[in-house]
Amino acid sequence: MEERARIEQNRHAWDLRAAAHVSSRFYDVDGFRTGGSSLRPFEVEAVGDVRGRRLLHLMCHFGLDTLSWARLGADVTGVDFSAAAVDAARRLADEVGLAARFVQADVYDVADVLEPASYDVVVATYGVLVWLPDLDEFARVVARMLRPGGTVFLAEFHPLQAMVDEDLRVRTSYFRTGAVDREVTTSYTGQDVPEHVQSTWPWTVSGLVNALASAGLHIDRLDELPVDLRQRSPAMVQDSDGLWRLPGDPLPLLLTCRAHRPSAG
């Protein structure tokens, strides 16, 4: 299957999930409606004060995190390739009375539909990188959208998670390449969705760092964390902060990275 066909297939997959996810317990939209935030403390700490700053959220889904940044004072734009997700994001913004712009576009086309070099912050978080067939081009898009001195913050499920099963036995190579096509009938929220096929692409930590560096971005900090957003294994236990971890912290489960575009001169 060609790359473009896989991207269109994935767009359909996320259209199917959008409406279901808004009503899921996993996202707790009701809590957000009453003033809550979907952001984790370590995300807010890494990005810093966003009041009055232009923030671009790439692959924003239905905009819950985007609007949480808006609630902290950012001037936000969210981009997603799913029309259903963007429609849901706009409805949620109107419902809670937060100013936000949501644009439907493929992540690789962002510089064609929005003004390059005009954002103080670019964020992309959780379950993003596996949907990207070209990590180098993604990094170049990020670099193009940042103003000089601007910051990018990435938070992602660690790629080591994808190579072990629930019993932490290695089931595939960390260095595998090529798209993986899989039939899906259930979302990660636990909800049933119409049967469809999705395609994902593997990535490595070194591949991410090298892509950012090759795009001219300077890495400020890279962290590997022993916590996850949801329970993937029966052995996982939940912390008081709501995050999940394996006893003894044997593996990194999340990765965060902050980088910046150097200032002119």
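## Exercises on a predicted model

R169 counts as exposed, at 52% relative accessibility. The structure is a predicted model. Work through each task, then check the solution.

### Exercise 1. A salt bridge at R169

Task: Which residue does the side chain of R169 meet in a salt bridge, and what is the N to O distance?

Solution.
- Step 1. Find the partner. The side chain of R169 meets that of D165.
- Step 2. Check the distance. N to O is 3.0 Å, and a salt bridge needs the two atoms within 4 Å.
- Step 3. Classify the two ends. R169 is at 52%, and exposed means over 50%, so R169 counts as exposed. D165 has a relative accessible area of 25%, so D165 is partly exposed.
- Step 4. Look for networks elsewhere. R4, E8 and R11 are joined into one network by salt bridges that share partners.

### Exercise 2. Two more salt bridges

Task: How far apart are the closest N and O atoms of R4 and E8, and where do the two residues lie?

Solution.
- Step 1. Read the distance. The closest N and O atoms of R4 and E8 are 3.8 Å apart, and the two form a salt bridge.
- Step 2. Place the residues. Both lie in helix α1. They are four residues apart, about one turn of the helix.
- Step 3. Classify them. R4 has 44% relative accessibility and counts as partly exposed. E8, at 35%, is also partly exposed.
- Step 4. Turn to a second bridge. The side chains of E43 and R40 meet at 3.8 Å, N to O.
- Step 5. Classify its ends. E43 is at 1% relative accessibility, so E43 counts as buried. R40 is at 21%, so R40 is partly exposed.
- Step 6. Set the count for the whole structure. A search finds 18 salt bridges.

### Exercise 3. Aromatic pairs of Y27

Task: What kind of aromatic pair do Y27 and F62 form?

Solution.
- Step 1. Start from the total. The structure holds eight aromatic pairs.
- Step 2. Take the numbers for Y27 and F62. The centres are 5.0 Å apart, with 75° between the planes.
- Step 3. Apply the cut-off. Planes over 60 degrees apart count as edge-to-face, so the pair of Y27 and F62 is edge-to-face.
- Step 4. Place the rings. Y27 is in the loop between α1 (3–22) and α2 (29–33). F62 is in the loop between β1 (54–58) and α4 (64–71). The pair links distant parts of the chain, 35 residues apart.
- Step 5. Add the surroundings. Both Y27 and F62 are buried.
- Step 6. Repeat for Y188. Y27 and Y188 also form an edge-to-face pair, at 6.4 Å centre to centre and 65° between the planes. Y188 lies in the loop between β6 (180–186) and β7 (192–200), so this pair ties together parts that are 161 residues apart in sequence. Y188 is partly exposed, at 28%.
- Step 7. Join the pairs. Ring pairs link W14, F26, Y27, F62, W131 and Y188 into a cluster.

### Exercise 4. Charges over rings

Task: Which rings do R54 and R232 lie over?

Solution.
- Step 1. Take R54. R54 lies over the face of Y119, 4.5 Å from the ring centre.
- Step 2. Take R232. The charged end of R232 sits over the ring of F157, at 4.4 Å from its centre.

### Exercise 5. The second largest pocket

Task: What lines the second largest pocket?

Solution.
- Step 1. Note the volume. It is about 200 Å³.
- Step 2. List the lining: F42, E45, A46, F153, R221, D223, L225, T256, C257 and R258.
- Step 3. Sort by class. Five residues are nonpolar, one is polar and four are charged.
- Step 4. Sort by element. α3 (41–47), β8 (218–225) and β11 (254–260) each supply at least two residues.

### Exercise 6. Helix α4

Task: How many residues of α4 are buried?

Solution.
- Step 1. Count. Seven of the eight residues of α4 are buried, so α4 is largely enclosed by the rest of the structure.
- Step 2. Name the buried ones. They are L64, D65, T66, L67, S68, W69 and A70.
- Step 3. Look past the helix. G73 follows α4 and has a positive phi, near 105°.

### Exercise 7. Locating D109

Task: Where is D109?

Solution.
- Step 1. Place D109. D109 is in the loop between β3 (101–104) and α6 (110–113).
- Step 2. Classify D109. The relative accessible area is 33%, so D109 is partly exposed.
- Step 3. Relate D109 to V141. The two are 32 residues apart along the chain, and their C-alpha atoms are separated by 8.2 Å.

How values were computed. Residues are numbered from 1 along each chain as its sequence is written. This is a predicted model: local features need pLDDT of at least 70, side-chain atom pairs count only at pLDDT 80 or more; totals for chains, interfaces and linings use all residues. Side-chain values use heavy atoms; hydrogens and water are left out. Rings of Phe, Tyr and Trp (its six-membered ring) pair if their centres lie within 6.5 Å; planes under 30 degrees apart count as stacked, over 60 as edge-to-face and the rest as tilted. Buried means under 20% relative accessible area, exposed over 50%, partly exposed in between (1.4 Å probe, protein chains only). A charge sits over a ring if NZ of Lys or CZ of Arg is within 6 Å of the ring centre and within 35 degrees of the ring normal. On a 1 Å grid over the protein atoms alone, a cavity is a set of points where a 1.4 Å probe fits but cannot get out, and a pocket is an open set with protein on both sides within 12 Å along at least five of seven lines; lining residues have an atom within 4 Å of a point. Grid points are joined across faces, edges and corners, and a volume is the space filled by probe spheres set on the points. Ala, Val, Leu, Ile, Met, Phe, Trp, Tyr, Cys and Pro count as nonpolar, Asp, Glu, Lys and Arg as charged, and the others, Gly among them, as polar.
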